[in-house]
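Work through the three exercises below with the model open. Each task is followed by its solution.

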Amino acid sequence: MDRRTYLKATGGAAAALSFAGCTGGSNETISIGSDIPYRPFEYETTDGELTGFDVDIAEAIFAGELDMEYEFQQTSFDTIIPSLNNGNFRIIMSAMTINDERDEQVDFSDPYFTAYQTIVVREGSDITSKEDMAGIRVGVQKGTTGAGAAQGLKEELGGDLKINEYDQIPDAFSALLNNQVDAVINDNTVSAEFVNGEGDGDVRFVEGEGAAAEEGENAPPYLTLTVENYGIAFRQDDDEFREEVNGALAAIREDGTYDEIYNEYFAG
Amino acid sequence: MATDTGRQRDASVLDKLDDNRFRQIGMLGTALFALVVAVFISYILLARVDYPLLINIIYPQFTFAFLRVIGIILISGVLAVVAGVIVGLARVSKTGLTRAIAKGYIEFFRGTPLLFQLFVIYLGVPQLWPPGQFPIQGFNYYAAVIGLTMNHAAYVGEALRGGIESIPKGQMEAARSLGMSYIQSMREVVLPQAWRNSLAAIGNDQVILVKDTSLLTVLAIPELLSAFRQVNSATFDAWTPIVLVAVAYLMITIPLGKLIRMLEARADPAAGGEH
């Protein structure tokens, strides 16, 4: 799922990473639009170093396979597609779910990640199923597929769900801890960071099967509302480059680099 | 003498010419500007706005967002003026401590961004409780009203201080010498005049308060900008919701401006007001 929208000026922290040793490739530095922070896909360590799953995948694709220089550009998620089409950057790598609406505006690479919309509640909560969600308050991030999943759930429950939309996902988790919402709907991997990190002991996933099991996907043991694939977004006139990146993506899946990166962030 | 007069006449002819040309340039400039704006707005309204979508989002999203914003403005606006009078009186107090505290209050609330103050209240305060224990439900609305009130009370207080200080000291002294208490002199003599002098500044601040409600989007309050962002991120259409947001804010700020000018006229004795 994805993400978000953010607020307003994000302090303009353009975290530009440039890696040395990429002299042989084309002269153009590939600039990558991304809504940072979205842990564990793109975030800065306390030392200010940009890291995350997307960042490592970019390193493997551009520095490793294509011998190109690249840099990340901080942008806000709710305007990220217009920004790409305006030419502010060449591609988007921002844990972006492939969906039909976005597909009309941009072209996506082959999927490089599968995510599930899951529900996080406080440890003491008695919510164990979708039906238990009737009448509660749910926190989501603006403009994300999590917000979309919450909207879908609201319709399923006959409108009996109150949705609070936050600018960034940490705000939604704060609201959960601060008793302002009773559940947060968001991508499983991002939520897992919180459940096993700052929220450890205070919050838990709602367990059970769901959309993932229905689609026969190899899903985590949580109640899943939807199954989504992440893709790298390109402008619609950038087919040649998109094919190159698809090739590189296949190559890093083949040689084990992808698994290495995956395990670094999502093992266990 | 003759030369002097001649020079003076020359100068005034020049001045006249310049004034005329100045006026013409001004008219031309504003007419051009108006034309460009009219063409631009027509283009937006005719070519960029998706009317079926517009109709679709007016109700319920934008209508509820609009009513919600009006509710928050009414409550915060009234509270900010009431609290601002207290801040203003404290600011001109004869007691050093009271004055210093009021000064510190104003420095903080005018010296830090409202957005930051909203985060302090909304994220900071509930964390004083253990996780999940914070007792107030729907705290985002309380945080919004508290934040807007405390911030704008500082501006109203400062405006009122200016108003009070513009009243000659002799007025207070005269009232006191007639045997009125400090409170009576303030209430009967100084404040009515100070109020008139501060009214424009306080009115301006109320208009700013209206616009500040846009910040509440970060508190997950579905106000007008949230409605805009929701529509925009779902449809990628910017201009349709932009038009609605602009109309909604102007529907509040233009009548509010009129109301303030009316109050000013009423408070002005030269215009036959009550006082």
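**Exercise 1.** Place A:Ile32 in the predicted model. Decide whether A:Ile32 is buried or exposed.

*Solution.*
Step 1: find the element. A:Ile32 sits in strand β1 of chain A, which covers residues 30-34.
Step 2: apply the cut-off. A residue is buried if 20 or more other C-beta atoms lie within 10 Å of its own. A:Ile32 has 23 C-beta neighbours inside 10 Å, so A:Ile32 counts as buried.
Step 3: look beyond the local sequence. Neighbours within four places left aside, the contacts of A:Ile32 include A:Ala58, A:Tyr70, A:Phe89 and A:Met93. A:Glu71 is another of these contacts. The C-alpha atoms of A:Ile32 and A:Glu71 are 6.0 Å apart, with the two positions 39 residues apart along the chain.

**Exercise 2.** State the strand order of the open sheet with 5 strands in chain A. Which strands stand at the edges, and why is one side of each left without a neighbour?

*Solution.*
Step 1: read the order. It runs β4-β1-β5-β13-β6 in chain A, with mixed pairing.
Step 2: take the edges. β4 (70-74) and β6 (107-108) of chain A each have a single partner strand, so one side of each lacks a neighbour in the sheet.
Step 3: check one edge. β6(A) pairs with β13 (residues 233-234) of chain A in the antiparallel sense, over 2 bridges. A:Asp107 stands opposite A:Phe234 in β13(A).

**Exercise 3.** Describe the side of chain A that touches chain B.

*Solution.*
Step 1: count. Chain A brings 19 residues to the contact and chain B brings 16 residues.
Step 2: assign elements. β9 (162-166) and α5 (169-177) of chain A each supply at least two residues of this side. β9(A) gives the most, with 3 residues.
Step 3: classify. The chain A side divides into 4 nonpolar, 9 polar and 6 charged residues.

Key. Residues are numbered from 1 along each chain as its sequence is written. Chains are lettered from A and ligands numbered from 1 in the order in which they are written. This is a predicted model: local features need pLDDT of at least 70, side-chain atom pairs count only at pLDDT 80 or more; totals for chains, interfaces and linings use all residues. Helices (H or I, at least four residues) and strands (E, at least two) are DSSP runs, numbered from the N terminus. A residue is buried if 20 or more other C-beta atoms lie within 10 Å of its own, exposed if 12 or fewer, and partly exposed in between; C-beta atoms are placed from the backbone. Two residues are in contact if their C-beta atoms, placed from the backbone, lie within 7 Å. Ala, Val, Leu, Ile, Met, Phe, Trp, Tyr, Cys and Pro count as nonpolar, Asp, Glu, Lys and Arg as charged, and the others, Gly among them, as polar. Two strands pair if DSSP finds at least two bridges between them.
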